[in-house]
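The following paragraphs go through a structure step by step, from a sheet to a core to the surroundings of the ligands. Please keep the sequence and the model in view while reading.

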Amino acid sequence: RTGARVERLPLARFTTLGVGGESEVWFVSDHAQLAEAMEQPYRILGGGSNLVIADEGVPERVIRLSGPLAERDLEPDPHLSTADEIVTGWVGGGVPLPGLIRQLQKLGLSGLEGTVGIPAQVGGAVWMNAGTRYGEMFDGLHTIEIVTPQETRQVTPDDLNWGYRDSGIPRNHVVSRVRLRLRRSTPEAVLEKMDFADNARKGQPKMKTPGCAFKNPGGVSAGRLIDEAGLKGTRVGNALIAPEHANFIVNLGGATAADVHALLNVIRERVPVPMELEYELWP
Ligand code: FAD
Ligand code: EPU
């Protein structure tokens, strides 16, 4: 066997909502361990910042990238970098995005600062092309390594059909690592752009949450639509539609997945515009 660490753990502790029952977690730190984990039905857990996981947990293996797959090499590749642009070494899918964004700012490297404040891992953020109005993950990618049970391949953004909150990478294809393509700038200039993007978050709730529940339909704020339906402050059990921003569902403490599902149904019934769910429900 490859030596992957396997443990049954409550997934609540891996999610920003703080909900999710016990499941078998596979901590994989190299490609051989990843391949072994993928021999049976699996799910991939990133930063857990977009997930509503059942209180019973999930029957599949839950793969978490760790060790070298959660490390970064930001050295510019001398063959691919120019006076204006750099291409980094490999950045593991398990690297926490917020720390990476801070580090890039200090290095004066520009391209991903629009994603400041997104509590994801690099792999999860790439998989769903996380972003804000000020930028998204695909603004700063050079190569993406994708692992499936059949193969490992390296692609460029041009090879993928990506768009708003969507990388075009099929579910359960693992983003194991990426190389970044960034512009040379200064720490001050990058910080200024980060502050701008950060400001747009001032009105977001500070409690346990998986972020925005629905994608913005046709560019209209789903939060505004839910707000206009009069649903701010609606509560089911210990889950609440945030009074600060109606597209956020927050955990008041002890919320269950069922509470969150019930709130999502209230929103679907009461908002007249069809909206696509952004949260991912496990199972
Ligand atoms: P998870 O939640 O762990 O998983 C989400 C999906 O990604 C799952 O399908 C999972 O299987 C898949 N996945 C995870 N890792 C990998 C991998 N390595 N390879 C392949 N698939 C993988 N999102 C935005 O876009 N913009 C925002 O401004 C924003 N603000 C937020 C603010 C808060 C306070 C919170 C809690 C969330 C916010 N989000 C935002 C939502 C969330 O951060 C993003 O959806 C993020 O991309 C999820 O990444 P993750 O690593 O946490 O993935
Ligand atoms: N609005 C309301 N009521 C609300 C919420 C918003 O009237 O309850 C209004 C605001 O006043 C503003 C407009 O709607 O005029 C837009 O609101 P906001 O600036 O908060 O942006 P958003 O479109 O609701 C998007 C992303 C967020 C991202 C912010 C900031 C989606 C689904 N949401 O929200 O992303 O952080 O912009 O860039 O695209 C996420 O995807 O999880 C997420 C949090």
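Two strands count as paired if DSSP finds at least two bridges between them. The model is a predicted one, and strand pairing is a convenient place to begin. Strand 2 and strand 5 (residues 61-65) meet this criterion, being joined in the parallel sense by 4 bridges. Within this pair, V25 stands opposite V62 of strand 5. Strand 2 (residues 22-28) also pairs with strand 1, here in the antiparallel sense and through 6 bridges. One of the facing positions is V6, whose bridge partner in strand 2 is W26. In general, strands of a sheet are held in pairs by backbone hydrogen bonds, in either a parallel or an antiparallel arrangement.

These pairings belong to an open sheet of 4 strands, in which the order is 1-2-5-3 and the pairing is mixed. Strand 1 (5-10) and strand 3 (42-45) form the edges, each pairing on one side only. From one strand to the next, the twist averages 35°. How many residues of strand 2 are buried? The count is 5 of its 7 residues, so that the strand is mostly covered, given that a residue is buried if 20 or more other C-beta atoms lie within 10 Å of its own.

The next topic is the nonpolar core. In soluble globular proteins, nonpolar side chains tend to be buried together. The largest nonpolar core here has 74 residues, and V28, V126 and V260 are the members that touch the most others. For V260, the contacts beyond four places in sequence are V19, V52, A239, I249 and A255.

Two ligand shells remain. Ligand 1 is surrounded by 31 residues, of which G46, G47, G123, G124 and G211 are the closest. Strand 3, helix 3 (122-127), strand 8 (131-132) and strand 12 (174-184) are the elements that give two or more residues to this shell. Helix 3 provides the largest share, with 4 residues. By class, the shell around ligand 1 consists of 14 nonpolar, 14 polar and 3 charged residues. Strand 3 thus appears both as an edge of the open sheet and as a contributor to the surroundings of ligand 1.

Around ligand 2 there are 18 residues, and T132, G211, C212, S221 and G223 come nearest. G211 is therefore listed among the closest residues for ligand 1 and among the nearest for ligand 2. Helix 5 (residues 222-228) gives the largest share of the shell around ligand 2, 4 residues. This shell divides into 4 nonpolar, 8 polar and 6 charged residues.

Technical notes. Residues numbered from 1 in each chain as written. Chains lettered and ligands numbered in written order. Predicted model: local features only at pLDDT ≥ 70, side-chain atom pairs only at ≥ 80, totals over all residues. Near = placed C-beta within 6 Å. Nonpolar A, V, L, I, M, F, W, Y, C, P; charged D, E, K, R; others polar. Core = buried A, V, L, I, M, F, W, Y, C linked by C-beta atoms within 7 Å. Buried ≥ 20, exposed ≤ 12 C-beta atoms within 10 Å, placed from the backbone. Contact = placed C-beta atoms within 7 Å. Axes fitted to C-alpha atoms, helices over the stretch in contact; angles between N-to-C directions.
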